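This briefing covers a surface patch first, then fold and overall dimensions.

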Amino acid sequence: VGFPRICYLPENPVGRKILRFLKVAFDRGLLFTIGRSATTGREDVVVWKTVEHKTQFSSYPDPSYLQRVMEQLVHLGVTD
C-alpha cells in the first residue's frame, strides 16, 4: 500500500541534478519507510522518509523547493 509514488521535478539542470541525487538516496534506502500515513492515517504503509517531494504538478512554482530538497539530500550525505 502506498507504492508506487510519483513526484515532479522541473526539466532543467537543477532538476536533473536533484533527480541524480534522488536515485542515489533511493539506492541507499533513504527515501521511504514503512509507517503511518499522514494523509490517510493507515498504519504499515510505504511513506516518504526524510526528503520532501512535490507530488502534484499544480504545486509549482515553489521558489524555495529545489534549494530545500538539495539541502535535505546533502544533509543525508548525498553530494557530487
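A nonpolar patch on the surface is formed by Ile-6, Tyr-8 and Phe-57, which together have about 340 Å² of accessible area. Accessible areas come from the Shrake-Rupley method with a 1.4 Å probe, and for residues only the protein chains shown count as cover. Patches are made of residues with over 30% relative accessible area and no salt bridge (like charges joined within 9 Å; nonpolar side chains, meaning Val, Leu, Ile, Met, Phe, Trp and Tyr, within 5 Å); a salt bridge is a side-chain nitrogen of Lys or Arg within 4 Å of a carboxyl oxygen of Asp or Glu.

This is a predicted model, in which local features need pLDDT of at least 70 and side-chain atom pairs count only at pLDDT 80 or more, while totals for chains, interfaces and linings use all residues. Residues are numbered from 1 along each chain as its sequence is written, and side-chain values use heavy atoms, with hydrogens and water left out.

**Phe-57**
- Phe-57 lies in the loop between β2 (45–48) and α2 (65–75).
- Phe-57 is exposed, at 63% relative accessible area (exposed is over 50%, buried under 20%, partly exposed in between; 1.4 Å probe, protein chains only).

**Fold**
- The protein has 2 helices and 2 strands (DSSP runs numbered from the N terminus: helices H or I of at least four residues, strands E of at least two).
- Their pattern along the sequence is α-β-β-α.

**Packing and surface**
- Of the 80 residues in the protein, 26% are buried.
- The protein exposes about 5,500 Å², of which 56% is supplied by carbon and sulfur atoms.
- The C-alpha trace spans about 35 × 30 × 20 Å along its principal axes.
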